[in-house]
Amino acid sequence: MSNKITIKLFGNLSELVNTHEILIDFKSTFFELKAELFLQFPMFENKEFVFAIDQKLIHENILINQNAEIALLPPFSGG
Amino acid sequence: MTDNYLRFQRQTILPNFGDEAQQKLLNSKVLVIGAGGLGCPCLQYLVSCGIGTIGIVDGDIIDISNLQRQILFTTNDIGKNKSIIAKEKLKDIHPSTKIDSFPFYIDEKNAIDLISKYDVVVDCTDNFKTRYLINDVCAELSTPLIFGANFQFEGQLAVFKMDDSMINLRDVFPKPPKQAMRCEEAGALGAVLGIMGSLQALETIKLITEQKDGLNNEILYLNLMKYETIKIKISKKMPDVTCPMSGNTIIDLNVEEFIGKINNPMVQLIDVRNEIEIPKVDFECIQIPLPILKENIHLLNKEKEIVLFCHIGVRSLEALELLQDEFDFKHVSHLKGGIMKYFSMK
């Protein structure tokens with residue numbers, strides 16, 4: 001039985017999957033988690049967004065803990 | 001004197017506010033770029049709270065489809081310029097507010113001149129190209145930027161203080177995104193834009209009155225349908241990070257490094273400004289305006305080092321990315337801050 005982690009979606013990403021939250025298998029590093037995300041949700045792969053983990057923008061590979069709060073943040077331009 | 005006392009009494013009695021904070025508002029100059037869905041509510045609250053000087057930049061003409069969200073405008077205003085009409089509607093709220101109307105679009109040629117006259121800039125525009133221009137010039141001039149944007153029922157709010165950390169929009173999204181839905185595709189609801197524009201006014205007020213809980217190089221995402229928010233701390237991206245989109249490295253040159261490239265036979269210096277832009281440079285270079293760079297790519301020698309420059313460093317960055325992504329040039333760099341930096345040093 002695998003552990004799952006919640007990912008919150010903003011902007012046009014939630015439209016793609018008809019929900020504002022998804023569950024994927026937990027991975028303990030950022031790069032592995034990203035790979036897992038694209039594996040389970042391939043429609044995200046060519047979309048533009050950044051990752052926020054525990055309220056910080058993440059670009060480099062870091063360790064993630066089980067309780068991490070993860071969000072995918074696309075750019076908005078409307079005004 | 002008495003008018004101001006009575007006029008602002010309800011806010012000066014707030015905790016951590018007082019006459020001191022009010023005076024800061026009265027002494028401040030705020031430039032609002034975009035008088036549309038975000039700009040209209042933002043401007044209303046900035047004028048009414050007592051900001052001393054306000055600039056309004058917008059080249060758009062009022063259209064019937066604007067009226068459901070651009071709440072300064074009425075049916076009679078259709079066909080008129082937004083900046084001019086916004087000033088008309090706002091000027092009687094607080095007659096001693098100085099309101100300057102700029103009924104044209106901000107662009108590379110006028111951006112520095114416009115922004116340098118104000119203390120704070122509020123980005124209420126609706127496209128990435130303009131947003132990145134505003135961001136880059138604010139970073140250049142160390143002018144704080146209150147960024148607001150909307151997508152359907154969600155909003156994005158950020159305050160880039162342009163302090164010593166130099167954190168700015170490119171530390172969140174390094175390059176202007178290619179995919180963007182404009183509101184005629186994505187849709188927009190007045191009440192949602194009203195909230196986001198009001199938040200921009202609120203953060204501007206917090207910044208000017210030095211409230212400790214203003215956003216501080218942070219970005220807030222709001223889902224106004226579900227009432228979910230997330231506040232994110234932005235940290236500086238490492239300077240030699242590769243561009244996440246293409247994997248290529250973006251190379252900025254400072255003025256000294258740029259000067260070192262002049263008259264170097266292994267280097268091609270390319271001026272991507274338009275023909276009419278002056279002053280022209282006094283060293284040898286190839287002039288290829290950015291709009292016709294693609295069809296003149298044969299003038300560039302891939303064996304040489306290509307160094308691009310423009311007015312303030314926005315178009316040259318675009319040209320650099322074009323050469324890397326579409327034409328696979330490996331040795332490209334550009335003059336950060338543009339040729340204006342070079343001229344200011346001479």
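Helices here are DSSP runs of H or I with at least four residues, strands are runs of E with at least two, and both are numbered from the N terminus. With that in hand, B:I278 can be placed in the loop between β10 (267-271) and β11 (286-287) of chain B.

## Ground rules

This is a predicted model, so to speak of local features takes a pLDDT of at least 70 and side-chain atom pairs count only at pLDDT 80 or more, while totals for chains, interfaces and linings use all residues. Residues are numbered from 1 along each chain as its sequence is written, and chains are lettered from A and ligands numbered from 1 in the order in which they are written.

## Two loop isoleucines

Back to B:I278. Is B:I278 buried or exposed? B:I278 is exposed, because just 7 other C-beta atoms lie within 10 Å; the cut-offs are 20 or more for buried, 12 or fewer for exposed, and partly exposed in between, with C-beta atoms placed from the backbone. Its C-alpha atom is 9.1 Å from that of B:H311, and the two are 33 residues apart in sequence.

B:I61 sits in another loop, between β2 (53-57) and α4 (82-90) of chain B. With 14 other C-beta atoms within 10 Å, B:I61 comes out partly exposed. Leaving aside neighbours within four places in sequence, B:I61 is in contact (C-beta atoms, placed from the backbone, within 7 Å) with B:G79, B:K80 and B:N81. Its C-alpha atom is also 5.8 Å from that of B:K82, 21 residues apart along the chain.

## Helix α8 of chain B

How does the span of α8(B) agree with its 19 residues? The expected span is 1.5 Å times one less than the number of residues; that gives 27 Å, and the end C-alpha atoms of α8(B) are 27 Å apart, which agrees. Buried residues in α8(B) include B:V192, B:L193, B:M196, B:L199, B:I205 and B:I208. Their cover includes α2 (18-27), β1 (29-33), α3 (39-48), β4 (120-123), β5 and β6 of chain B.

α3(B) packs on α8(B) at an angle of about 40 degrees, with the axes 7 Å apart. Axes are lines fitted to C-alpha atoms, for helices over the stretch in contact, and angles run from 0 to 180 degrees between N-to-C directions. That makes α3(B) oblique to α8(B), given that under 35 degrees is roughly parallel, over 145 roughly antiparallel, 65 to 115 roughly perpendicular and the rest oblique. Among the residues making the contact are B:C40, B:P41 and B:Y45 of α3(B) and B:G197, B:A201 and B:T204 of α8(B). The residues of this contact divide into six nonpolar, six polar and no charged. Here Ala, Val, Leu, Ile, Met, Phe, Trp, Tyr, Cys and Pro count as nonpolar, Asp, Glu, Lys and Arg as charged, and the others, Gly among them, as polar.

## Positive phi

α8(B) is followed by B:E210, with a positive phi near 55 degrees. B:E210 lies in the loop between α8 (190-208) and β7 (218-223) of chain B, and is exposed, with 11 other C-beta atoms within 10 Å.

B:M166, also not a glycine, has a positive phi near 55 degrees. It belongs to the loop between β6 (154-160) and α7 (183-186) of chain B. B:M166 counts as partly exposed because it has 14 C-beta neighbours inside 10 Å.

## Meeting chain A

Chain B puts 35 residues in contact with 19 residues of chain A. On the chain B side, α6 (128-141), β5 (145-151), β6, α7, β7 and β8 (228-233) each supply at least two residues. That side divides into 17 nonpolar, eleven polar and seven charged residues.

Notes: Contact = placed C-beta atoms within 7 Å.
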